[in-house]
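Please open the model in a viewer and keep the sequence at hand. The tour proceeds by selecting chains in pairs and then asks how the copies are related.

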Number of protein chains: 4
Amino acid sequence: MGKGRLEAFSDGVIAIIITIMVLEMKVPHGYELSDLKELWPVFLNYIISFIYVGIYWNNHHHMLHAVRSINGSVLWANTHLLFWLSMVPFVTDWMGESSFSKLWPVVMYGVVLLMNSIAYAILVVVLLKHEGQTSPLAIAVGNDQKGKISIFFYVIGIACAWISPYISFAFYVLVALMWLIPDRRIEKKLAADQHTG
Amino acid sequence: MGKGRLEAFSDGVIAIIITIMVLEMKVPHGYELSDLKELWPVFLNYIISFIYVGIYWNNHHHMLHAVRSINGSVLWANTHLLFWLSMVPFVTDWMGESSFSKLWPVVMYGVVLLMNSIAYAILVVVLLKHEGQTSPLAIAVGNDQKGKISIFFYVIGIACAWISPYISFAFYVLVALMWLIPDRRIEKKLAADQHTG
Amino acid sequence: MGKGRLEAFSDGVIAIIITIMVLEMKVPHGYELSDLKELWPVFLNYIISFIYVGIYWNNHHHMLHAVRSINGSVLWANTHLLFWLSMVPFVTDWMGESSFSKLWPVVMYGVVLLMNSIAYAILVVVLLKHEGQTSPLAIAVGNDQKGKISIFFYVIGIACAWISPYISFAFYVLVALMWLIPDRRIEKKLAADQHTG
Amino acid sequence: MGKGRLEAFSDGVIAIIITIMVLEMKVPHGYELSDLKELWPVFLNYIISFIYVGIYWNNHHHMLHAVRSINGSVLWANTHLLFWLSMVPFVTDWMGESSFSKLWPVVMYGVVLLMNSIAYAILVVVLLKHEGQTSPLAIAVGNDQKGKISIFFYVIGIACAWISPYISFAFYVLVALMWLIPDRRIEKKLAADQHTG
């Protein structure tokens, strides 16, 4: 089964998720700079979530590029990932409204990020099972150290919320920064076999 | 006529439907875990509807994969299916607000699911008429037993709402579970003729 | 310049327009069948607008299929059409709220439909200028009688709103029915040169 | 790495941005023409923003058409541009509500336009670095005079807001008009090598 429509559907869902978050940013009631300043936590939150969803799209793009075909299990592992991505706007909204200062919004934001990274890891496993251990994907993904570190950091971050929600948030930002550096391994691997997308 | 744009348009509409449902999940007013717990029926409802729309995309993907070309009737049968899919967020919202405990929201949810399965069955018939009884699609679809059982279960489920809305909901979940197992017949059939999608 | 991305972008915009209209259908406050009945004009309106946007996608699909390449003018004529299509949810919402019984919502709905048909006619002219009078498109489109009749009926329909908004609405439904029959001419023409789209 | 999915994802995000703006146009409470007239600044604002986003899609389409392949840096430069485009509905809404008469909404609208043009300029630089100074893209883009003039006009426009917000708005409209004329250079260049996009 070809991967074209899986990519197209994922692109569509991720494009909507990344864009609807801005819909939650209600314009201020006044027209002064001070009215805008009150939106600062919501805006910062939007940036972080935008970057997170952008990272997932980026990695999804890189990984699927190395994939040759898919099957029914891949479709569902991918839909499972899209489900958890679709929860990002909801927790973003809740955390933004609480200005990062409340326990549960920050915990739930971390839980959704954690579930996303787990769903992504499952997708990797299902793809590797389908493609085989000697596939270009298997070589490109390697032992997925970054994915494992992310899961570890999310768990630490969530636990720290009981000390201070700001520490949790710092961990979430840290993971985002770690991923902003594109996965050179896959790109290097792909540089060999030049396809047009 | 090629099927590429039909797939792209369907992907777009289904991607939006599956994503806008989360927009209806309003964040709680407080920041405690208990505030989140009140959202439980809405969230459960979201999961079920997400899975349902995911199933339709999945089956649509599988079926269209076996299709070689389309015509004007197929375009409209497909648009008809998209119409009923677009009603899912509306009834999801209504049923979620009623916490599954009211008669009419549960009945209408079932009616929309029923109309979706009928619209899908119509699309199958129109496609088979266009592709012919000896096409790969015809062999792959077979007698579409699963589709017929679904329609039967929806009708039973809707009728049971007058006894208890929870029984109806159990039937809807049952049909979803039945479909979560991907259609091995089509996949097996397609495994023979390897195209890149 | 290739037409692939123009089709993809138009598919995206039209998919969103056709789907966001249902977002405007707010769920009833009560949970009785009578609460749902009050939504009847809004729902009927949604169906008509869904069909209208579906018709435009359908015709756009058919027409672009016959097109071999595009240029900058085509891009802007297409964006102009998308602009007027994007106004459909707004006027649908206004007319639905007024239950078809008020003058101006029905007039504005007609004006937006009229502008859409004019924008479509402009796109046809720009495409024909680019493709040439002996192109497959030119032969397929012919003298575009249906488009001209639609514009005529919209004008009549709008004028009738001063007599009764219901007559206007009847005209709008009439045009929709006229277009629901797919354009056999283009399809027949295209049946000759079988491409996979 | 192929550019197909980058184009598809950008198309998706831009399609959503251009369409969700109309969601912010709330229908008037009354049903008279005078009720609609009050929406005039919001509507005018919508038109301008629609044209702006349309221009970006157009230019993006033209530029990517001349691109042969992409890399990780291009992906992120593109995501950065999409971020600033996603801010357009927010500032459109704020400026529309203020009827162009308040300082800060007009300033912020200009700032978002300015950031968009800078993000676009960065994307051009990153693409040129990847494609090389002798690539078709480099020849087609030239010294990007229009992009530089736009940035200059935005800065002037923003500064003028302290004199009168209406002057700022005039500058923003001016830049839009300048871009409405499609970039003949790239199109001429591309006319040579006919691909189907």
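Two residues are counted as being in contact when their C-beta atoms, placed from the backbone, lie within 7 Å. The model is a predicted one.

**First stop: chains D and C.** Select chain D together with chain C; 28 residues of chain D are in contact with 29 residues of chain C. On chain D, colour helix 1 (4-23), helix 2 (33-37), helix 3 (40-65) and helix 10 (184-192), each of which supplies at least two residues of the side that touches chain C. Helix 1 of chain D gives the most to this side, with 10 residues. By residue class, the side of chain D that touches chain C divides into 15 nonpolar, nine polar and four charged residues.

**Second stop: the relation between the copies.** Superpose chain D on chain C: a rotation of 90° with 0.0 Å of shift along its axis achieves this, at an RMSD of 0.0 Å. The two copies are thus related as by a four-fold rotation axis. Next, select G12(D), the residue of chain D that comes closest to the rotation axis, at 4.2 Å (C-alpha). Only 11% of the interface residues of chain D are also interface residues in chain C, so the copies meet through different surfaces.

**Third stop: chains B and C.** Now select chain B with chain C, where 29 residues of chain B are in contact with 28 residues of chain C. Helix 1 (4-23), helix 4 (72-86), helix 5 (88-97) and helix 6 (103-131) of chain B each supply at least two residues of the side facing this contact. Helix 1 of chain B gives the most, with nine residues. The side of chain B that touches chain C comprises 16 nonpolar, eight polar and five charged residues.

Conventions: Residues are numbered from 1 along each chain as its sequence is written. Chains are lettered from A and ligands numbered from 1 in the order in which they are written. This is a predicted model: local features need pLDDT of at least 70, side-chain atom pairs count only at pLDDT 80 or more; totals for chains, interfaces and linings use all residues. Helices (H or I, at least four residues) and strands (E, at least two) are DSSP runs, numbered from the N terminus. Ala, Val, Leu, Ile, Met, Phe, Trp, Tyr, Cys and Pro count as nonpolar, Asp, Glu, Lys and Arg as charged, and the others, Gly among them, as polar. Copies are superposed by least squares on the C-alpha atoms of residues with pLDDT of at least 70 in both.
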